[in-house]
Amino acid sequence: MEWILYVISILWLSVGVCLILYTEETRGVIKGLLRQADPRLVAVWPALFGLALIVAAGVSHYPWFVRLLGLLAFTKAATFAFNLQNLGQWFTNWFLEKANDRTCRLWGIVVLILATALFSWVR
């Protein structure tokens, strides 16, 4: 189960670094991936990450926090899948179109911190 947390941590580290260093390019890639996809298909990825985090939480020093991250991922998946009040589309449009570079870099820093913490908490 440790490898699940390591893989998720490395993916998050990669995304965080890309958001910090290559903000416009990363937003362009995300925009290209999300614009043509059905929101219900996009919801599969956070649901899989959430399930993986919940399953692998036991090998962490802080399983309650890893499970919380998994539940947040399920919440994100539900937001995209059921599209309540068009919230998933609104957030995507805000992040890709309206948010400035500083905001995207801040998200990159948050993701980088979470990934580093998750990586260091694996037993």
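**View 1. Polar contact between the side chains of Thr23 and Arg105.** In this predicted model, the side chains of Thr23 and Arg105 are joined by a polar contact of 3.3 Å. Thr23 belongs to helix H2. With a relative accessible area of 2%, Thr23 is buried, because that value falls under the 20% limit. Leaving aside residues up to four places away in sequence, Thr23 touches Cys18, Asp101 and Cys104 as well as Arg105.

**View 2. Helix H7 and the elements that cover its buried residues.** Helix H7 comprises 20 residues, 101–120. From its first C-alpha to its last, H7 reaches 28 Å, close to the 28 Å expected at 1.5 Å a residue. Cys104, one of the residues touched by Thr23, is among the buried residues of H7. The others are Gly108, Val111, Ala115, Ala117 and Leu118. The cover over these buried positions includes helix H1 (2–21), helix H2 (23–35) and helix H4 (44–56). Helix H5 (63–82) and helix H6 (87–98) also contribute to that cover.

**View 3. The largest pocket and its lining.** The largest pocket has a volume of about 1500 Å³, and 32 residues line it. Two or more lining residues come from each of H1, H2, H4, H5, H6 and H7. Nearest the centre of the pocket lie Trp12, Val15, Pro46, Lys76 and Val111. Of these, Val111 is also listed among the buried residues of H7. Sorted by class, the lining consists of 27 nonpolar, 4 polar and 1 charged residues.

Technical notes
Residues numbered from 1 in each chain as written. Predicted model: local features only at pLDDT ≥ 70, side-chain atom pairs only at ≥ 80, totals over all residues. Heavy atoms only, no water. Helix = DSSP H or I, 4+ residues; strand = E, 2+ residues; numbered from the N terminus. Expected span 1.5 Å × (residues − 1). Buried < 20%, exposed > 50% of the residue type's maximum accessible area, 1.4 Å probe, protein only. Contact = heavy atoms within 4.5 Å. 1 Å grid on protein atoms, 1.4 Å probe; cavity = no way out; pocket = protein on both sides within 12 Å on 5 of 7 lines; lining within 4 Å. Points joined across faces, edges and corners; volume = space filled by probe spheres on them. Nonpolar A, V, L, I, M, F, W, Y, C, P; charged D, E, K, R; others polar. Polar contact = N/O pair within 3.5 Å; in protein donor to acceptor, adjacent residues only side chain to side chain.
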